[in-house]
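This report describes selected local features of a predicted model. The sequence and structure are shown first, and the description follows.

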Amino acid sequence: MDTLADIEKYQLLLDAAQIGWYEAYFTPGCFIISDYVKKLTGHTNEVLTFEEFRLMIREDYRDRITFEFATVKINGVYEQIFPIYTLFGVRWVRSKICRRTVDEAGNVVAFGMLELLSSLENNEARLNDRARINSLLMHFGSLSRALTAFVRMGNLQEAINKVLTEVLNSLTTSGHVYIIQYDYEKYTLSCPYEIYSEGVISTRSTLKDISLHTLAWSTQKMMSLTPVILHTLEDLPPEATAERQLMESEQIASLMLLPMVIKEKVYGFMGVDVVGKPRLWRTEDYQWLSSIANMISICTELFMSEEQAQQERDNLDKVHRILNHSEKMLRNIYMNLPVGVELYDKNGILVDINPKDLEIFGVDSREDVLGISLFNNPNIPPDIADKIHDARPVTFRLNYVFNKIRAYYPTCKNGYLDVLTKISMLYDSQGELINYLLINLDNTEKTIAYNRIEEFENFFTLISRFAKIGYAKYDLLTKEGTAIPQWYHNLGEEVETPLEKVVGIYPHAYPEDVAVITRFFEQVKRNEADSLQTELRIRTTEKTEIAEGDEEEWRWLRINVMRNSLNTDPEKVEMICINYDITELKTSQLKRAKAEELDRLKSAFLANMSHEIRTPLNAIVGFSSLLTDTDSKEEQQQFMEIIQKNNDLLLQLISDILDLSKIEAGTIDFKMGEVDIHAVFEELVTSFKIKMPEGVEIRYTPGLPPCTIQCDKVRLMQVLSNFINNAIKYTFSGSITLHYELLPEKVLFSVTDTGEGMSPEVQSHIFERFYKGNDFKQGTGLGLSICETIVKRLGGDIGVRSEVGKGSEFWFTIPYDIKL
């Protein structure tokens with residue numbers, strides 16, 4: 001047999017059948033095309049770039065066909081009918097991928113055919129388009145019902161089973177729809193969810209605690225986030241022996257497995273199999289089912305977060321109960337102290353008094369003295385009263401004469417007492433005076449007094465240890481002084497460590513916090529300051545629940561440092577320091593903030609998605625019904641345009657959801673290559689001209705210098721397109737201008753419009769997820785948030801400048817040499 005002659009015969013046969021072939025190389029972005037394709041398209045070179053072929057596709061099909069062909073890089077399933085511009089005018093062609101390969105470097109190459117259709121087949125193409133629209137309507141309806149199930153049902157098990165039932169009913173074939181979950185501790189997989197057709201045997205019991213090594217080929221695919229799409233058993237590679245045996249035993253003819261990611265980790269996968277007759281999976285099937293899988297992943301994570309938030313709220317209640325118990329214990333200690341204690345408010349009015357104080361001064365009941373004024377006490381000398389007025393702590397002894405206070409409060413005692421009194425001021429966290437604290441000691445009998453002081457010191461130590469309050473007094477210049485053990489413990493130091501190794505150094509503290517205290521000490525030495533209240537973080541090996549991941553663990557202290565105004569020695573700078581542990585308070589605040597944020601994110605996401613998916617679906621369903629009820633070509637064309645517009649809107653919404661899912665999963669990828677910025681601007685202006693409202697012009701600044709950078713062209717155009725679409729929504733006259741400027745080491749891009757502009761309040765939130773400056777405009781509030789993530793990942797910055805009534809300018813920068 002003459003091989004060359006056979007090849008010529010095959011070529012004649014293909015030409016007669018009006019069929020050509022192509023090889024698509026996704027890394028460089030080009031095709032190798034056959035002679036027939038060259039003759040049909042008028043292209044003189046066997047190399048045809050993706051962009052050149054995209055421009056050959058008729059405008060109303062161009063974006064959709066380009067988007068769907070890009071999915072070949074992931075799943076290898078593609079067959080579409082669409083019109084292109086040829087040497088013979090507009091002709092309909094069928095494009096189908098026959099084979100897809102991936103080399104060791106990860107480069108994807110696809111071999112396919114391009115067939116010129118006859119006029120009869122053009123009618124079939126229209127029917128195919130209508131069937132495709134009906135299929136999309138069915139799939140989008142399934143998506144809407146699935147999302148509604150998650151919104152309305154509080155039970156995750158019921159919601160997922162309802163979603164899987166929707167998927168099985170939409171397939172119109174017999175088989176199973178199930179979710180496989182990985183157990184990384186046991187390294188096994190199990191099937192917690194399964195829905196199957198009538199007459200089909202359940203596989204859930206057999207898929208329980210199966211070792212991941214058993215199904216090694218499919219496990220490797222899922223771990224690498226690669227979907228498995230099998231039209232028939234013949235699509236299985238030789239190494240998938242276990243998978244083949246399992247499919248044959250269950251009479252499975254076709255299969256699709258889609259990885260599910262929760263908290264940046266492969267949680268498992270969603271599987272759809274067909275029993276009996278094989279199914280030829282289409283691009284729409286993959287997009288629909290992958291959207292369902294991603295939706296289940298996101299909603300499952302939200303339900304898990306809600307459970308975690310509830311647990312944290314329960315823990316917070318437990319902390320509050322512990323604090324209440326502590327308060328009762330402290331109150332018990334206060335009531336049984338062997339010294340008299342009086343508590344006055346900031347105006348000097350008595351608000352509390354302990355039993356020992358009542359005993360010292362011969363008062364029968366607390367009610368007899370509550371409400372008296374400290375400053376009206378006739379036994380307090382004027383100079384002491386002045387110091388109290390000035391909020392200066394003071395300790396003094398006096399002969400307390402009972403005859404002087406008969407009109408002040410009732411007492412059963414006579415004569416006088418030798419009383420030692422200490423008056424201190426209590427402050428809140430803002431440094432505001434809230435109370436005067438008086439401690440009274442009956443000093444009549446010295447020995448008894450000394451014993452009581454010692455006992456009081458023991459109680460004070462107990463309170464200090466229980467409340468984690470530390471106290472120290474030292475000379476700032478010589479670092480000499482004393483400190484109680486709790487002061488050392490709070491700072492992470494060993495008791496009796498020399499103060500010169502602690503004061504001003506604080507080796508276990510956070511450096512930035514130490515710098516604040518160091519600056520204060522310098523100000524004290526220059527007589528520029530005399531007190532400081534601040535927070536100090538101390539490194540610890542104890543679990544604090546504040547640090548996350550690999551962060552270091554820190555305890556939080558409140559530090560009050562003041563210069564001792566009672567010290568009269570000019571050679572000393574005596575400081576008093578009080579520190580107390582506020583880690584529990586910080587932890588409680590953090591848990592509450594996390595719980596509230598999780599609730600807000602869940603509610604915002606579900607509410608936005610439910611509304612935004614329902615709106616275009618209602619339009620598509622409504623006008624699809626009207627399409628069959630009218631014979632007017634003009635109305636049919638108008639209805640088709642509305643359906644297509646809402647279809648594009650829904651596809652963009654699903655794309656945003658997928659991008660959000662990739663961002664949350666950490667799987668968003670970038671394909672770097674040389675990008676001609678000037679060509680990108682021309683392409684954007686050309687493609688958006690047909691979308692411009694009447695009276696609005698889109699353009700780019702003339703005379704821009706040529707510039708080529710290393711970047712991901714698709715992501716770059718995604719950001720610019722989002723900016724342009726945003727400008728179109730708010731611009732009703734004037735222009736939308738694209739511009740770039742070459743700066744040192746980076747390029748500055750901007751999109752400027754003459755629209756409504758934004759207030760400073762809207763600008764401060766514009767890049768937040770789910771935020772919409774105008775709730776009456778279409779959109780999910782995800783686009784600009786995704787743009788910010790893309791720009792940050794590319795190493796650039798993003799921002800907006802706007803003024804109400806004068807328009808807005810959205811800008812971002814990209815480095816010339818991006819390092820991901």
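In this predicted model, the largest nonpolar core comprises 46 residues, and those touching the most other members are Leu720, Phe723, Phe749 and Phe812. The most residues, eight, come to this core from helix α19 (residues 713–730). Leu720 contacts Val680, Phe681, Leu684, Phe749, Val751 and Phe812, with neighbours within four places in sequence set aside. In soluble globular proteins, nonpolar side chains tend to be buried together.

A charged residue calls for separate attention. Glu342 lies in strand β13 (residues 340–345). Glu342 is buried but forms no salt bridge. A salt bridge requires a side-chain nitrogen of Lys or Arg within 4 Å of a carboxyl oxygen, whereas the nearest side chain of opposite charge, that of Arg366, is 12 Å away from Glu342. The side chain of Glu342 does make polar contacts with other side chains, as tabulated below.

| Side chain | Partner side chain | Polar contact |
|---|---|---|
| Glu342 | Tyr344 | 2.6 Å |
| Glu342 | Asn440 | 2.9 Å |

Not counting residues up to four places away in sequence, Glu342 touches Leu350, Asp352, Ile353, Asp357, Phe361, Tyr436, Leu437, Leu438 and Asn440.

Strand β15 (residues 394–401) has two faces: Val394, Phe396, Leu398 and Tyr400 form the covered one, while Thr395, Arg397, Asn399 and Val401 form the uncovered one. Eight bridges link β15 to strand β16 (residues 416–427) in an antiparallel pairing. Tyr400, on the covered face of β15, has Leu417 of β16 as its bridge partner.

Notes. Residues are numbered from 1 along each chain as its sequence is written. This is a predicted model: local features need pLDDT of at least 70, side-chain atom pairs count only at pLDDT 80 or more; totals for chains, interfaces and linings use all residues. Side-chain values use heavy atoms; hydrogens and water are left out. Helices (H or I, at least four residues) and strands (E, at least two) are DSSP runs, numbered from the N terminus. Buried means under 20% relative accessible area, exposed over 50%, partly exposed in between (1.4 Å probe, protein chains only). Lys and Arg count as positive and Asp and Glu as negative; His and the chain ends are not counted. A polar contact is a pair of N or O atoms within 3.5 Å; within protein, one must be able to donate a hydrogen and the other to accept it, and residues adjacent in sequence count only if both atoms are side-chain atoms. Contact means heavy atoms within 4.5 Å. A nonpolar core is a set of buried Ala, Val, Leu, Ile, Met, Phe, Trp, Tyr and Cys residues joined through side-chain atoms within 4.5 Å. Two strands pair if DSSP finds at least two bridges between them.
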